[in-house]
Amino acid sequence: MSGSERSAEIREHVEQTVGEWDGKLQAVLDLDPEFLDKYADLAAVPDRRGALPEKVRHFIRLAVAANSTHLYLPPVRGHIRRALDAGATPQELMEVLECCATLGIHAMNIGVPILVEVLEEAGVRSGASELTEYQERLKAEFTANRGYWHSFWDEILELAPEFFDAYTEFSSVPWKTGTLEPKVKEFIYIAFDTAATHLYTSGLRLHLQNAVGYGATAEELIEVMEIASTLGIHGLLEAAPILQEESGGRDERA
């Protein structure tokens, strides 16, 4: 097989797996076709196993690309398009993006416990205060809307009840009006919590537990993490065209 025939074969393999071809993929193909071929093999594993429906696999890929800790926009349009082709509705895709938008609360999940430690070390705080009637109501509403309560909400509820109230209303919209089944919503949270650009392990454990409670299988959950694991290619896709431009015409032996 000639080099051009091998490149054409790899391109077809990549297009079947990744979707739309672009100049970034072409640059990788030009620089190291075998590496691109092996990436396509890696990215195709969830598709071959098929524990998740095709549209849900694109939901996960969209969540990995469009969440605020990664925000790699080039594949967003392709995954939206392919999810729609696989039967997803615009409402479902909007719900995926709404779930991703809740990620910002992790600043409070991580920051408030550290603040409490600092206050206690400084002698400003000696322990948790008793919840007011308002705070008790917020806790009950969150539990009813989201189906769980976790201790990492306790100090946020105590110290910032108005913010927690607003967050409860904000984050509960997909749970009140959305159409995705609960375990799929949990898949979205798992996708961005386990992604290398976030790695929020407390949330990951919680959402894995929630997903199992909603009937998710080990195969489904592994597939979510497999999809999230491929985001490392995004840096290569951005850098390869630059390498190609900068190295053009240079003697490799120089």
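User: Why is the contact between Arg49 and Glu223 called a salt bridge?

Analyst: In this predicted model, the closest N and O atoms of Arg49 and Glu223 are 3.8 Å apart. The cut-off for a side-chain nitrogen of Lys or Arg and a carboxyl oxygen of Asp or Glu is within 4 Å, and therefore the pair qualifies. Arg49 belongs to helix α3 and Glu223 to helix α13, so the salt bridge ties together parts that are 174 residues apart in sequence.

User: What makes Glu223 buried or exposed, and what class does Arg49 fall into?

Analyst: Glu223 has a relative accessible area of 0%. Buried means under 20%, so Glu223 is buried. Arg49 has a relative accessible area of 39%. That value lies between the 20% limit for buried and the 50% limit for exposed, so Arg49 is partly exposed.

User: What makes the contact of Arg57 with Asp47 a salt bridge, and which helices does the pair link?

Analyst: The side chains of Arg57 and Asp47 meet at 2.7 Å, N to O. Since the requirement is within 4 Å, the contact counts as a salt bridge. The pair links distant parts of the chain, with Arg57 in helix α4 and Asp47 in helix α3, 10 residues apart.

User: Why are Arg57 and Asp47 placed in their accessibility classes?

Analyst: Arg57 has 9% relative accessibility, and under 20% means buried, so Arg57 is buried. Asp47, at 27% relative accessibility, falls between the 20% and 50% limits and therefore counts as partly exposed.

User: How do you know that Lys183 and Glu220 form a salt bridge, and which helices hold the two residues?

Analyst: The closest N and O atoms of Lys183 and Glu220 are 2.9 Å apart. A salt bridge needs a separation within 4 Å, so this pair meets the criterion. Lys183 lies in helix α11 (residues 182-194) and Glu220 in helix α13, so the pair ties together parts that are 37 residues apart in sequence. Both Lys183 and Glu220 are buried.

User: Which residues do salt bridges that share partners join into one network, and how many salt bridges does the structure hold?

Analyst: Arg6, Glu9, Glu34 and Asp37 are joined into one network by salt bridges that share partners. The structure holds 17 salt bridges.

User: Why is His58 assigned its accessibility class, and what separates the C-alpha atoms of His58 and His79?

Analyst: His58 is found in helix α4. With a relative accessible area of 3%, His58 is under the 20% limit and is therefore buried. The C-alpha atoms of His58 and His79 are separated by 5.4 Å, although the two residues are 21 residues apart along the chain. His79 is also one of the residues closest to the centre of the largest pocket.

User: How much space lies in the largest pocket, and which residues are closest to its centre?

Analyst: The largest pocket holds about 530 Å³ of space. It is lined by 30 residues, and Val18, Tyr39, Pro75, His79 and His234 are the closest to the centre. At least two lining residues come from each of several helices, including α1 (3-18), α5 (76-85) and α14 (233-247). Helix α3 gives the largest share, 5 residues. By class, the lining has 16 nonpolar, 6 polar and 8 charged residues.

User: What makes a cavity distinct from a pocket, and how many cavities of 30 Å³ or more are there?

Analyst: A pocket is an open set of points, whereas from a cavity a 1.4 Å probe cannot get out. The structure holds 1 cavity of 30 Å³ or more. About 110 Å³ of space lies in the largest cavity. It is lined by 16 residues, and Ile105, His106, Tyr148, Tyr167 and His207 lie nearest the centre. Helices α7, α11 and α12 (201-213) each give two or more residues to this lining. The lining divides into 9 nonpolar, 5 polar and 2 charged residues.

User: What makes Ile114 eligible for a surface patch, and which residues form the patch?

Analyst: Ile114 lies in helix α7 (residues 106-121). Patch members need over 30% relative accessible area, and Ile114 has 47%, so it passes that limit. Ile110, Ile114 and Val118 form the nonpolar patch, with about 260 Å² of accessible area together.

User: How many helices and strands does the protein have, and what part of its residues is buried?

Analyst: The protein has 14 helices and 0 strands. Of its 254 residues, 43% are buried. The C-alpha atoms fill a box of roughly 75 × 45 × 30 Å along the principal axes.

Note on methods
Residues numbered from 1 in each chain as written. Predicted model: local features only at pLDDT ≥ 70, side-chain atom pairs only at ≥ 80, totals over all residues. Heavy atoms only, no water. Patch = residues over 30% accessible without salt bridge, like charges linked within 9 Å, V, L, I, M, F, W, Y side chains within 5 Å. Areas by Shrake-Rupley, 256 points an atom, 1.4 Å probe, with all protein chains shown as cover. Helix = DSSP H or I, 4+ residues; strand = E, 2+ residues; numbered from the N terminus. Buried < 20%, exposed > 50% of the residue type's maximum accessible area, 1.4 Å probe, protein only. 1 Å grid on protein atoms, 1.4 Å probe; cavity = no way out; pocket = protein on both sides within 12 Å on 5 of 7 lines; lining within 4 Å. Points joined across faces, edges and corners; volume = space filled by probe spheres on them. Nonpolar A, V, L, I, M, F, W, Y, C, P; charged D, E, K, R; others polar.
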